[in-house]
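Opening a fresh page for this one. I'll jot down what I look up as I go.

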Amino acid sequence: MTSSTSAVLAYLGCYAEAGHSLLSLAQDPDTGSLRHLASSECTGNASWLLVDPTARRLYAAHEQQRGSISVHALDGQGLPRLLQQVASGGAGPVHLCLDAMRRRLWVAHYGDGSLGCLPLQDDGELDAALPARTARQLAGLPGLAKAPASHPHMLQLSADGQWLLASDLGLDRLLAVPLIEGRAVQSVALPKGSGPRHFVQLGRRIILLSEQRSTLSWLDFDPLSGSLQLRGEISSLPAAYAGRSYASDLRLSTDGLHLYALNRLHDSIAVFALGSDGVPSLLCHEWTRGSYPRSATFDPAGRFFYVCNQRSEQLTVFEREAGGSLRFTGQYIATPSPACLVFG
């Protein structure tokens, strides 16, 4: 099956067995609906996806004890074809990012606490001849000690490419790892039991979502020294809510005016307005229409918002309205334990 000329391609990673963990979907940009196109050959548990539109490559992190990364070429219709699958260099890879020159693929390993790096060839394939290395090894710096409790959940390069920012859920810290000599690792402690998970960079301001305390924090980042300072935090849950909940994903609207945080067990989307000073304020909550939302994403136009409801095994589709609120479109897309949706 092929997509129509007006369709937009999307890729869905799932907690599913080999052959069913990576799906291709076509979006109708007028209605936001998604239809299944194909399943891709690769191993199971493709829990995080990354698209490089320049090299036309799709990378999938397979969250298993022996972690691996699969690389897929996107054909003329945007459908992925497996090129290779190599060891990620650690246990439980959960997040990926590319450097600006697309020469290195960075990997956060939740399972063993390592921040890994895999060299890329000119064609976007992983250089399997070179072993995965840690961020500090790559920079020729002394090794970054791994604490037994370390569980990095996300990593991202700073705008100047000189720091690797990583949230460590186990250590309750946000790290800034230098990628050039002469600088030391910087970090800032979050309140005990926060469990920092996903974050968004806004210039020198970082907005950080913590899983275990279900809070949204804002921090200042100095790109010269790498120093991080915690400035404040706000709950992602309603004030009257009593019970357990685990925050998961954080997304910025395409116009940069609103943030959207997912709450698992409360099963809601918390909508925040961003002030001119980069401080978020809670506007409202929207029910996800599903169970245990793991991640979410906007379509390229910034109009439709898709939620991966892991336990109820469905995607739910919302439309962003004026003022930042979300309206449920009534659409459900049945999928096996969805983890991550990205657009090509």
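Among contacts between residues at least 6 apart in sequence, what percentage join residues at least 24 apart? I get 45% for the protein. Note to self: this is a predicted model.

**Entry 1, overall build.** I counted the elements next and found one helix and 28 strands. Then I checked the radius of gyration, which is 19 Å; a compact globule of 344 residues would come out near 20 Å, so the value agrees with a compact globule. Along the principal axes, the C-alpha atoms fill a box of roughly 55 × 50 × 30 Å. I have 56% of the 344 residues down as buried. The accessible surface comes to about 13,700 Å², and carbon and sulfur atoms own 50% of that.

**Entry 2, the pocket.** Next I went looking for open space. The largest pocket holds about 810 Å³. I listed 34 lining residues, and those closest to the centre are Trp 48, Leu 50, His 95, Gln 156 and Arg 251. Which strands each supply at least two residues of this lining? My list reads β4, β8 (93-98), β12 (152-157), β16, β20 (246-252), β24 and β28 (338-343). Sorted by class, the pocket lining has 21 nonpolar, eight polar and five charged residues.

**Entry 3, the cavity.** Then I turned to closed space. How many cavities of 30 Å³ or more does a search of the whole structure find? I found one, with a volume of about 50 Å³. I wrote down its lining as Ser 47, Trp 48, Val 94, His 153, Arg 197, His 198, Arg 294, Ser 295 and Ala 339. Two or more of these residues come from each of β4 (46-52), β16 (196-202) and β24 (293-298). By class I have three nonpolar, four polar and two charged residues in the cavity lining. Trp 48 caught my eye here, as it lines the cavity and is also listed among the residues closest to the pocket centre.

**Entry 4, one residue up close.** I picked Ala 60, which sits in strand β5 (residues 57-62). Is Ala 60 buried or exposed? Its relative accessibility is 0%, so I put Ala 60 down as buried; the cut-off is under 20%. Skipping neighbours within four places in sequence, I find Ala 60 in contact with Ala 46, Trp 48, Leu 49, Ser 68, Ile 69, Ser 70 and Leu 96. So Trp 48 turns up again, this time as a contact of Ala 60. I also checked Trp 106, 46 residues from Ala 60 along the chain, and the two C-alpha atoms are separated by 12 Å.

Note on methods. Residues numbered from 1 in each chain as written. Predicted model: local features only at pLDDT ≥ 70, side-chain atom pairs only at ≥ 80, totals over all residues. Heavy atoms only, no water. Helix = DSSP H or I, 4+ residues; strand = E, 2+ residues; numbered from the N terminus. Buried < 20%, exposed > 50% of the residue type's maximum accessible area, 1.4 Å probe, protein only. Contact = heavy atoms within 4.5 Å. 1 Å grid on protein atoms, 1.4 Å probe; cavity = no way out; pocket = protein on both sides within 12 Å on 5 of 7 lines; lining within 4 Å. Points joined across faces, edges and corners; volume = space filled by probe spheres on them. Nonpolar A, V, L, I, M, F, W, Y, C, P; charged D, E, K, R; others polar. Rg over C-alpha atoms; globule rule 2.2 N^0.38 Å. Areas by Shrake-Rupley, 256 points an atom, 1.4 Å probe, with all protein chains shown as cover.
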